[in-house]
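User: I have just opened this model and would like a guided tour. Could we go through it step by step?

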Number of protein chains: 2
Amino acid sequence: MTSSFGTRKRNTTQADVAKHAGVSIMTVSRALSGSGNISPDTKERINNSMEELGYVYNTVAGSLRNQSSSMVAVVIPSVNDLVFGEILSGVNSVLRPKGYFTTIGESFFDPEEEFKVIKSMLAMQPAGIILTGGIHHKPELFDLLKKRSCPILQMWDTDNLNFDYHVGPSQREVGQIVADHLIEKKYEYIAYIGAELSIDGCADQRFQSFRSRLSEAGISIETEVDENLPRQPESGKILTERLLARSPHVNAIHYLNDPMALGGLSYLFDKGLSAPKDVAVVGFNGSTQKFSIRTRLTTVDVPKYEIGKVSGEKLLALLNDEGEGQFYRSELRLIVGDTS
Amino acid sequence: MTSSFGTRKRNTTQADVAKHAGVSIMTVSRALSGSGNISPDTKERINNSMEELGYVYNTVAGSLRNQSSSMVAVVIPSVNDLVFGEILSGVNSVLRPKGYFTTIGESFFDPEEEFKVIKSMLAMQPAGIILTGGIHHKPELFDLLKKRSCPILQMWDTDNLNFDYHVGPSQREVGQIVADHLIEKKYEYIAYIGAELSIDGCADQRFQSFRSRLSEAGISIETEVDENLPRQPESGKILTERLLARSPHVNAIHYLNDPMALGGLSYLFDKGLSAPKDVAVVGFNGSTQKFSIRTRLTTVDVPKYEIGKVSGEKLLALLNDEGEGQFYRSELRLIVGDTS
């Protein structure tokens with residue numbers, strides 16, 4: 001088939017429909033908004049003309065009158081991320097069947113970018129807003145959002161309650177679960193490897209609670225954190241090399257996330273070291289389990305799809321003024337794999 | 001911090017701004033649309049009032065008059081997919097700095113769902129539409145889109161040219177590259193493992209060209225295709241088991257995608273078989289390379305981020321009536337890993 005889209009046409013208007021159906025523009029307008037008495041026969045003629053001309057009733061403009069919209073604005077750190085892709089999928093699974101669409105903004109953990117993205121999205125009159133915790137929201141964002149009438153929900157962080165509702169795990173609990181696991185397994189030379197902690201409050205919270213739990217048990221940890229590396233496998237490799245060069249006695253490492261832990265594992269295998277015999281490895285988020293061939297990573301799994309699903313449900317409840325409580329806390333699950 | 005979003009307020013209107021600034025509603029309206037003469041002093045007062053009241057000018061409604069919008073509708077099979085997450089990230093990297101937002105619809109390879117999603121999105125008056133190839137678009141979709149004035153671009157498939165522009169690899173070429181690689185490596189008992197080929201024309205095209213290229217070389221292949229399994233690692237495991245149970249002599253398998261190939265590899269290792277000694281394994285798309293610890297999968301890498309980036313650029317060109325040609329073909333790259 002060759003393109004038949006070469007010549008662009010102007011959009012069909014209500015005037016075109018009116019002319020085609022042989023009625024007045026007012027009649028078409030009243031038929032579309034459902035106001036006024038219009039005979040079934042006339043309605044059918046208008047419908048047929050709309051069908052034939054390809055006219056689509058603009059629900060955004062139509063809905064402005066009623067102060068409602070079918071658009072839900074969602075801001076996540078990045079669309080190119082296993083965790084947020086799965087969460088988003090859960091959000092859509094609930095909102096889509098109810099006629100809502102999600103418009104996605106990316107913050108890249110930059111408060112200024114988040115503010116700009118949300119400000120632009122507000123101009124589209126969203127029915128609701130879903131934000132992601134971790135990022136250090138600008139104070140001006142709170143001012144901006146307080147003046148809005150739509151419900152605002154935060155995903156991922158339920159330790160800090162700033163909005164109408166919050167869905168996600170306790171990030172603090174993650175650090176405690178990993179610390180308890182390593183204590184139980186009697187590892188004594190423990191390290192933490194991470195990146196970008198200054199811009200991601202959730203990752204920092206996990207790290208802080210990991211460190212203080214171990215400190216309570218009399219264990220002080222080594223840390224290898226780089227503020228400028230992305231939270232990717234390659235960074236896990238680089239930081240593991242750096243850590244072991246200066247602290248070769250380390251025998252257990254907790255990584256910011258699973259991708260970084262996989263990078264660490266790959267470095268260990270390249271160097272002829274094995275996990276957990278030489279160094280135990282523990283990740284976080286459970287996003288890469290399904291890609292493992294031989295080595296199942298020990299990690300704390302967080303129910304990503306469920307977080308999205310519950311966020312969608314709670315937003316719908318808020319839209320119907322049915323919201324109760326302030327947060328829904330997702331259950332965390334330690335998966336003991338082959339690496340600890 | 002406790003929630004200060006408990007009490008919802010109605011949105012600020014132009015009337016509120018007018019009252020606050022001590023001017024008429026008409027003056028506010030003219031200031032916002034840029035029509036009419038308004039003194040700098042009055043403009044500043046209106047701006048200050050807007051700032052203070054948190055009023056955001058509705059660009060969607062505002063732009064309807066000019067038949068343009070800041071929204072680009074994107075339909076992909078699923079947001080929970082490594083390939084389309086990366087593509088989307090490329091699209092956003094271009095559109096976002098130009099003030100455009102992407103609204104994401106998911107088709108799940110269901111033509112009816114795609115049609116419904118696009119119809120709803122059209123009601124939001126998108127500036128442009130980005131579709132994904134592979135899915136068997138309904139004939140009614142072409143009718144619907146032909147009546148629209150906005151540019152329509154298709155990603156992922158450049159073998160079938162149905163819209164204003166097309167960006168992606170030749171899916172046919174993928175099958176040929178893999179076939180040539182296996183011929184060169186002198187594998188003789190070759191199989192293909194896939195799923196959902198009836199609903200994904202791109203995957204089917206790769207499969208068909210893989211089979212016919214081998215057939216030209218005098219090699220007939222075994223196939224293990226399930227129409228009801230998802231294209232996930234677990235399905236790769238199940239289908240590899242099924243295939244080898246009936247055809248234990250197979251010594252090379254090409255999988256629909258990398259995740260399925262990883263599932264296959266994991267099955268082989270569980271059974272004490274190794275790749276490529278016992279069975280060679282080749283995937284497609286290069287989405288899981290970064291998660292490999294020990295075993296680097298042989299695959300055909302497709303430049304996902306670039307496809308998104310070029311799609312964004314070409315859509316902008318179409319919006320500026322600068323579009324030329326019908327398609328941009330992405331380069332494919334065979335990565336010979338440890339499994340062939």
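Analyst: We shall take the domains, the sheets, the salt bridges and some backbone details in turn. Please bear in mind that this is a predicted model.

User: Which domains does the assignment give for chain A?

Analyst: The assignment divides chain A into domain 1 (14–57), domain 2 (71–168 + 304–329) and domain 3 (171–301).

User: How far apart are the centres of domain 2 and domain 3 of chain A?

Analyst: The C-alpha centres of domain 2 and domain 3 of chain A are 29 Å apart. At the boundary, 12 residues of domain 2 of chain A are in contact with 17 residues of domain 3 of chain A.

User: And what area is buried between domain 2 and domain 3 of chain A?

Analyst: About 1,200 Å² is buried between domain 2 and domain 3 of chain A, and carbon and sulfur atoms give 52% of that area. On the side of domain 2 of chain A, 43% of the area buried against domain 3 comes from A:Phe109, A:Trp156 and A:Asp159, more than from any other three residues.

User: How many salt bridges and polar contacts cross between domain 2 and domain 3 of chain A?

Analyst: The count of salt bridges between domain 2 and domain 3 of chain A is 2. There are also 7 residue pairs in polar contact across this interface, with both residues at pLDDT 80 or more.

User: Which residue forms a salt bridge with A:Asp159?

Analyst: The partner of A:Asp159 is A:Arg172, and their closest N and O atoms are 3.8 Å apart. A:Asp159 is also one of the three residues just named for the area that domain 2 of chain A buries against domain 3.

User: How many salt bridges are there over all chains?

Analyst: The whole structure has 28 salt bridges over all chains. Another pair is A:Arg213 with A:Asp180, whose closest N and O atoms are 2.8 Å apart. This pair links distant parts of the chain, as A:Arg213 belongs to helix α9 (residues 201–216) of chain A and A:Asp180 to helix α8 (residues 171–184) of chain A, 33 residues apart.

User: On to the sheet in chain A. Is the pairing parallel or antiparallel, and what is the order of the strands?

Analyst: The pairing is parallel, and 4 strands of chain A form an open sheet in the order β7-β6-β8-β9. Strands β7 (222–226) and β9 (280–282) of chain A stand at the edges with a single partner strand each, so one side of each has no neighbour in the sheet. On average, neighbouring strands of this sheet are turned by 15° against each other, direction ignored.

User: How do strands pair in general?

Analyst: Strands of a sheet pair through backbone hydrogen bonds, in either a parallel or an antiparallel manner. Here, strand β6 (residues 190–195) of chain A is joined by 4 bridges to strand β8 (residues 252–255) of chain A. Within that sheet, A:Tyr192 stands opposite A:His254 in β8(A).

User: Which strands does helix α10 of chain A lie across?

Analyst: Helix α10 (residues 233–246) of chain A lies across β6, β7 and β8 of chain A, and runs at about 140° to β7(A).

User: What about chain B: which order do the strands take there?

Analyst: In chain B, 4 strands form an open sheet in the order β7-β6-β8-β9, with parallel pairing. Its edge strands are β7 (222–226) and β9 of chain B, each pairing on one side only. B:Ile193 stands opposite B:Tyr255 in β8(B). Helix α9 (residues 201–216) of chain B packs on the sheet and touches β6, β7 and β8 of chain B, its direction making about 170° with that of β6(B). Helix α8 (residues 171–184) of chain B lies across β6, β8 and β9 of chain B, at about 160° to β9(B).

User: Last topic, the backbone. Where does A:Pro276 lie, and is the peptide bond from A:Ala275 cis or trans?

Analyst: Most residues other than glycine have a negative phi, and most peptide bonds are trans. The bond from A:Ala275 to A:Pro276 is cis, with omega near 5°. A:Pro276 lies in the loop between α11 (258–270) and β9 of chain A. In chain B, a cis peptide bond joins B:Ala275 and B:Pro276, with omega about 5°. Finally, A:Lys186, in the loop between α8 and β6 of chain A, has a positive phi near 65°.

Key: Residues are numbered from 1 along each chain as its sequence is written. Chains are lettered from A and ligands numbered from 1 in the order in which they are written. This is a predicted model: local features need pLDDT of at least 70, side-chain atom pairs count only at pLDDT 80 or more; totals for chains, interfaces and linings use all residues. Side-chain values use heavy atoms; hydrogens and water are left out. Two strands pair if DSSP finds at least two bridges between them. Helices (H or I, at least four residues) and strands (E, at least two) are DSSP runs, numbered from the N terminus. Axes are lines fitted to C-alpha atoms, for helices over the stretch in contact, and angles run from 0 to 180 degrees between N-to-C directions. Contact means heavy atoms within 4.5 Å. Domain bounds come from an automatic or database domain assignment. Buried area is the accessible area (1.4 Å probe) that two parts lose on being put together, summed over both. A salt bridge is a side-chain nitrogen of Lys or Arg within 4 Å of a carboxyl oxygen of Asp or Glu. A polar contact is a pair of N or O atoms within 3.5 Å; within protein, one must be able to donate a hydrogen and the other to accept it, and residues adjacent in sequence count only if both atoms are side-chain atoms.
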